[in-house]
Amino acid sequence: MSAGENFTRIYEETGLEDPVTAWTTGLASGSLDMFAAPFRAAKRAFPDDPTVLSDLREHLVNHISERPGALRAVLTEAM
């Protein structure tokens, strides 16, 4: 969800106008989507081969561990 959608949802459910929470929630959601999208695609493309997901997970973990600033770059780009 984007920050605008989160803002609307928060307002409709609570009656409060809270742009900071909406922005933070949108940022977190977008960051998680960046990590989840490759796994969803691999799971759909190879539903009968669980090794694809474990290989993808291992590749991403190794890539991030080799580049200490990778996680920060992902979060920065999500903003």
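**Entry 1: a charged patch.** I looked for charge on the surface and found D48, D49, D55 and E58 gathered in a patch of negative charge. I note here that this is a predicted model. Where does D55 sit? I traced D55 to helix α3, which runs over residues 50-66. I then looked up how open D55 is to the outside. D55 has a relative accessible area of 48%, so I wrote it down as partly exposed. A patch takes in residues with over 30% relative accessible area and no salt bridge, and D55 at 48% is above that accessibility cut-off because of this value.

**Entry 2: L53.** I stayed in helix α3, since L53 is found there as well. Which residues does L53 touch, leaving aside its neighbours within four places in sequence? I listed F39, A42 and K43 as its contacts. I also checked a distance between C-alpha atoms: those of L53 and R40 are separated by 9.2 Å. Along the chain, L53 and R40 are 13 residues apart.

**Entry 3: the salt bridge.** How many salt bridges does a search of the whole structure find? I recorded one. The partners are R9 and E13, and their closest N and O atoms are 3.1 Å apart. The cut-off for a salt bridge is 4 Å, so the 3.1 Å between R9 and E13 falls within it. I made a note of the background: side chains of opposite charge can pair when their charged atoms come close.

I looked up where the two partners are. Both R9 and E13 lie in helix α1, residues 3-14. They are four residues apart, which is about one turn of the helix.

Are R9 and E13 buried or exposed? R9 has a relative accessible area of 44%, so I entered it as partly exposed. E13 reaches 59% relative accessibility and therefore counts as exposed. The line between the two classes is drawn at 50%.

**Entry 4: the whole chain.** I finished with the chain as a whole. I counted four helices and zero strands. Read along the sequence, the pattern is α-α-α-α. The chain has 79 residues, and buried residues make up 10% of them.

What does the exposed surface consist of? The chain exposes about 6,100 Å², and carbon and sulfur atoms supply 60% of that area.

My last look-up was on contacts in the chain with a separation of 6 or more. Of these, 33% are between residues 24 or more positions apart.

Methods:
Residues numbered from 1 in each chain as written. Predicted model: local features only at pLDDT ≥ 70, side-chain atom pairs only at ≥ 80, totals over all residues. Heavy atoms only, no water. Patch = residues over 30% accessible without salt bridge, like charges linked within 9 Å, V, L, I, M, F, W, Y side chains within 5 Å. Areas by Shrake-Rupley, 256 points an atom, 1.4 Å probe, with all protein chains shown as cover. Salt bridge = Lys/Arg side-chain N within 4 Å of Asp/Glu carboxyl O. Lys, Arg positive; Asp, Glu negative; His and termini not counted. Charge placed at Lys NZ, Arg CZ, Asp CG, Glu CD. Helix = DSSP H or I, 4+ residues; strand = E, 2+ residues; numbered from the N terminus. Buried < 20%, exposed > 50% of the residue type's maximum accessible area, 1.4 Å probe, protein only. Contact = heavy atoms within 4.5 Å.
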